[in-house]
Amino acid sequence: MVACWHQQLGLLVAAAAALLMTRLLLVSAMSDVPGAITFDDGFTPLFGEANMERSPDGRTVSLTLNRYSGAGFISSHYYHHGFFSADIRLPKDHTAGVVVAFYLSNGDVFEKNHDELDVEFLGNRRRHEWRLQTNVYGNGSTDRGREERYLMPFDPTLEAHRFSILWSSRVVIFYVDGVAVREVPRSGAMGGDYPSKPMALYATIWDGSTWATDNGRYKVNYKRGPFTADFSDLVLRGCPAAAARRDDPAALQLQQLGSDEDDRCAGSEFELMTAEYAIMTPRKRMEMRRWRQRQMLYTVCYDTNRYPAPFPECDVNMEERQKFWEWGESKVVRPRVRARSGSRRRAATATTQQVSLQQAD
Ligand SMILES: *[C@@H]1O[C@H](CO)[C@@H](O)[C@H](O)[C@H]1NC(C)=O
């Protein structure tokens with residue numbers, strides 16, 4: 001009997017321990033992004049160092065815009081393709097004119113024919129939502145902007161959300177919280193417009209008063225500042241360009257994407273293209289189309305005034321395209337729950353922040 005009791009107790013303790021372990025594992029699996037690095041492991045300050053603050057563990061960087069300066073950091077290497085990611089939390093309240101950017105570029109090396117992949121956040125007036133914008137440039141195609149703008153299906157000022165860019169030799173994919181939201185496959189027709197030279201990763205906050213909010217109608221109001229964006233779970237997974245540290249851009253210019261570099265980076269390219277997130281299944285494409293239908297405010301693919309013929313990479317849905325001028329920028333965000341009775345109103349107020357801003361239909 002005693003032995004049996006002990007045995008049972010032992011089992012109970014073991015079960016409790018196992019449960020605790022599972023919990024611990026789950027928690028760490030959720031909070032640890034595979035491959036997330038510290039600031040010092042991959043980045044250097046770019047500008048406004050006084051407005052940059054790092055957490056003691058080096059895993060979160062806060063960038064502030066005040067009336068004196070914005071701030072930014074840059075990867076210590078240029079990369080031949082890769083997967084780049086950050087969990088980003090945006091500043092609250094009145095942020096008109098504020099731009100937060102997370103992007104790849106080699107504009108400081110190739111002034112005339114640079115490449116660029118943008119994830120940009122455009123601030124807004126109080127009670128108006130931040131916009132997310134993506135863009136693609138290749139070999140100086142700055143007169144052929146490929147921008148798209150979206151509403152985010154959450155309030156990006158409440159907590160951090162994950163924004164990622166995959167750039168391989170074959171495709172560019174943008175992700176929001178792990179969901180692919182834009183896919184730009186490389187094609188012969190795209191030619192040099194597909195980014196092909198090594199790029200560095202940037203994170204910045206700056207004053208975009210001249211254009212960011214309603215074409216510059218609403219400017220940064222520094223009385224409502226300072227404005228701080230947090231970047232954490234930074235991921236840089238790619239093949240660093242040989243001999244091309246930021247302090248030696250000339251080396252990069254000479255190097256470009258020679259066949260030696262292709263060989264050296266072949267393993268990392270293979271890893272990149274066979275990673276789970278890089279494989280676009282029919283189900284992921286469906287999820288992407290749904291996300292775009294709900295969240296997209298603007299795409300060059302349907303802007304026939306600007307581009308009578310769509311770009312080769314556009315996935316054109318004729319029905320959506322025909323109605324573009326109806327849904328386009330006219331989409332608005334409103335709380336899903338509309339107040340009718342008193343109790344409903346209270347419920348609506350309570351959930352507005354959480355449910356955060358579904359579009360009116
Ligand atoms: C990129 O631009 C440069 C100069 O502007 C040009 O010589 C080169 O052929 C272009 N490359 C591609 C791949 O189009």
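Glu116 is found in strand S8 of this predicted model. Glu120 lies in strand S8 as well. UniProt, in an unreviewed entry, lists Glu116 and Glu120 under "active site"; that label comes from the record, and the annotation may be inferred rather than shown by experiment. What the model adds is the setting of these two residues.

Glu116 has 19 other C-beta atoms within 10 Å and is therefore partly exposed. Glu120 also counts as partly exposed, because 19 C-beta neighbours lie inside 10 Å. A residue needs 20 or more such neighbours to be called buried. Leaving aside neighbours within four places in sequence, Glu116 is in contact with Tyr103, Leu104, Ser105, Gly107, Tyr137 and Pro195. With the same neighbours left aside, Glu120 is in contact with Val99, Ala101 and Gln133.

Several of these partners lead to the strands that flank S8. On one side, seven bridges join S8 (residues 116–122) to S7, and the two strands run antiparallel. S8 also pairs with strand S9 (residues 131–137) in the antiparallel sense, over seven bridges. Within S9, Gln133 is the bridge partner of Glu120, and Gln133 is also among the contacts of Glu120. From S9 the pairing continues to strand S10 (residues 148–151), which is joined to S9 by four bridges and runs antiparallel to S9. Here Arg131 has Leu151 as its bridge partner in S10.

In the other direction, S7 is joined by eight bridges to strand S14 (residues 200–207), again antiparallel. S7 therefore has S14 and S8 as partners, since two strands count as paired when at least two bridges are found between them. Phe102 illustrates this arrangement. Its bridge partner in S14 is Ala203, and its bridge partner in S8 is Val119. Phe102 touches both of these residues, along with Ala86, Ile88 and Phe163, not counting residues up to four places away in sequence.

S7 (residues 98–105) is mostly covered, with eight of its eight residues buried. In a regular strand the side chains alternate between the two faces of the sheet. In S7, Val98, Val100, Phe102 and Leu104 point one way, while Val99, Ala101, Tyr103 and Ser105 point the other way, and all are buried. Val99 and Ala101, both contacts of Glu120, belong to the second set.

The burial of S7 ties in with the nonpolar core. The largest such core has 66 residues, and those with the most contacts inside it are Val98, Val99, Val100, Phe102, Leu104, Ile165 and Ile205. Strand S15 (residues 227–245) supplies the largest share of this core, eight residues.

The loops hold some further points of interest. Arg127 is found in the loop between S8 and S9 and has a positive phi of about 70° although it is not a glycine. Arg127 counts as exposed because only 8 C-beta neighbours lie inside 10 Å, against a limit of 12 or fewer. Asn139, in the loop between S9 and S10, also has a positive phi, about 50°, without being a glycine. With 17 C-beta neighbours inside 10 Å, Asn139 counts as partly exposed.

Asn139 is also one of the residues around the ligand, together with Lys112, Asn113, Gly140, Gly191 and Gly192. By class, this shell has five polar residues and one charged residue, and no nonpolar ones.

Arg67 lies in the loop between strand S4 (60–65) and strand S5 (71–75). Since 10 C-beta neighbours lie inside 10 Å, Arg67 counts as exposed. The C-alpha atoms of Arg67 and Asp207 are separated by 9.1 Å, with their positions 140 residues apart along the chain. Leaving aside neighbours within four places in sequence, Arg67 is in contact with Tyr222 and Gly225. The peptide bond from Gly225 to Pro226 is cis, with omega near -5°, and Pro226 is found in the loop between S14 and S15.

For the whole protein chain, there are nine helices and 18 strands. Buried residues make up 32% of the 361 residues. Of the contacts with a separation of 6 or more, 70% are between residues 24 or more positions apart.

Terms used
Residues numbered from 1 in each chain as written. Predicted model: local features only at pLDDT ≥ 70, side-chain atom pairs only at ≥ 80, totals over all residues. Core = buried A, V, L, I, M, F, W, Y, C linked by C-beta atoms within 7 Å. Contact = placed C-beta atoms within 7 Å. Near = placed C-beta within 6 Å. Nonpolar A, V, L, I, M, F, W, Y, C, P; charged D, E, K, R; others polar.
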